[in-house]
Amino acid sequence: MDAVAADTGTDDRLGEARRAWAAWLEAERRASPHTLAAYRDDLAGFLSFLGQHLGGPPSLDELIGLRPADYRAWLARRARDDYARSSTVRALSVVRGFVRFLDRRGYGHAPALSAVRAPKLPQSVPKALTPEGAEAVLAGADDEALPWIAARDTALLSLLYGCGLRIGEALALPRSTAPLGEALTVVGKGRKERRVPVLPAVRAAMVEYVRLCPWKAAADGPLFLGARGGALQPAVAQRRMRDARRRLGLPESATPHALRHSFATHLLAAGGDLRAIQELLGHASLSTTQRYTAVDTAQLVATYNRAHPRARG
């Protein structure tokens, strides 16, 4: 029995299908190693449940022949085990994707899953910092004992807030990216490229970091380096934000990703076009970007009260 099949005791045909699915995700969908590992874990968890639910390791035929009640029993088990709804929605999406893959590749048609609805998620609103809070975070990065590390942190956080990058996107930039030009090519989720404009303040912060950095990386090496010259880890940026939260009295939601949220929210509040912001953030769907329209309602109401003649009256 192969390694993929052996981890849940499933039959060879199901193991073969799982290998083909993983290869398709990596080659066709261009899933990152992190995403691929998460999807594999979700599917393995579902198959593990089936092993208990059916009284033995599931076969491919048994998987194809599942009823809606079997899937609902799995969802009910996750609810009893106190899984987060968002985690269950993702796991169900992974299982749906695998079942659709089985159908497309001729392994078998499993219509029962189409009758199962995902748990409803509460409407989440991105938690942005105020413009003053975001600027305070950037200004507060210069209190580090080593000047080059302070410059590095300022440059990194400036990219997140000034260009709307994800932390992973910023840390994946090669050394050849610097010096920054008027625009920057970013490789986002699904290895999709996008171009984002670079503000003069961001370019200046990057110039200062490169000037002070004592480590000389190869052109294809990482742009952001740790204290010992290796690639900078996300935990370092997260720790810097935790320090800033405590020092500045910011909420727990002030994370590196909150700077990306702030980038979008502040652009929208200043009259930025939603479609343009979608492109800058690299969102595949406009509905994802539209979440930001709910963030600044209070500010929009305040602007109305200040500006509208009837409000002033």
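On a 1 Å grid laid over the protein atoms alone, a pocket is an open set of points with protein on both sides within 12 Å along at least five of seven lines, whereas a cavity is a set of points where a 1.4 Å probe fits but cannot get out; lining residues have an atom within 4 Å of a point. The structure is a predicted model, in which local features need pLDDT of at least 70 and side-chain atom pairs count only at pLDDT 80 or more, while totals for chains, interfaces and linings use all residues. Residues are numbered from 1 along each chain as its sequence is written, and side-chain values use heavy atoms, with hydrogens and water left out.

The largest pocket has a volume of about 1600 Å³, a volume being the space filled by probe spheres set on grid points that are joined across faces, edges and corners. Its lining comprises 43 residues, and T35, R166, G188, K189 and G190 lie nearest the centre. Two or more lining residues come from each of α2, α3 (33–54), α6, α9 (167–171), β2 (193–197), α12 (256–269) and α13 (274–281). These labels follow DSSP runs numbered from the N terminus, with helices (H or I) of at least four residues and strands (E) of at least two. Helix α6 provides the largest share of the lining of the largest pocket, 7 residues. By class, this lining has 13 nonpolar, 15 polar and 15 charged residues; Ala, Val, Leu, Ile, Met, Phe, Trp, Tyr, Cys and Pro count as nonpolar, Asp, Glu, Lys and Arg as charged, and the others, Gly among them, as polar.

The second largest pocket has a volume of about 310 Å³. It is lined by 17 residues, of which Y161, G162, C163, L199 and V202 are the closest to its centre. At least two residues of this lining come from each of α7 (131–139), α8 (147–163), β2, α10 (200–212) and α12, and α8 gives the largest share, 5 residues. The lining of the second largest pocket has 12 nonpolar, 4 polar and 1 charged residues.

Strand β2, which contributes to the lining of the largest pocket and to that of the second largest, is joined to strand β1 (residues 183–187) by 5 bridges, and the two run antiparallel. Strands pair if DSSP finds at least two bridges between them. β1 and β2 form a hairpin with 5 residues between them, and G190 in the turn has a positive phi of about 70°. In a regular strand the side chains alternate between the two faces of the sheet. Along β2, R194 and V196 point to one face and are buried, while E193, R195 and P197 point to the other and are not; buried means under 20% relative accessible area, exposed over 50%, and partly exposed in between (1.4 Å probe, protein chains only). In β1, the covered face holds L184 and V186, and the uncovered one A183, T185 and V187. The bridge partner of L184 in β2 is V196, and V186 stands opposite R194.

Helices α2 and α6 also meet through aromatic side chains. A search of the whole structure finds 6 aromatic pairs. Rings of Phe, Tyr and Trp (its six-membered ring) pair if their centres lie within 6.5 Å; planes under 30 degrees apart count as stacked, over 60 as edge-to-face and the rest as tilted. W21 and F98 form an edge-to-face pair, 5.3 Å centre to centre with 75° between the planes. This pair links distant parts of the chain, with W21 in helix α2 (residues 12–27) and F98 in helix α6 (residues 85–104), 77 residues apart. W21 is buried, with a relative accessible area of 3%, and F98 is buried at 1%.

The rings of W24 and F101 have centres 5.7 Å apart and planes at 40°, so this pair is tilted. W24 in α2 and F101 in α6 are again 77 residues apart, and both are buried. Together with Y107 they form one aromatic cluster. The charged end of R104 sits over the ring of W24, 5.0 Å from its centre; the criterion is that NZ of Lys or CZ of Arg is within 6 Å of the ring centre and within 35 degrees of the ring normal. R152 lies over the face of W148, at 5.7 Å from the ring centre.
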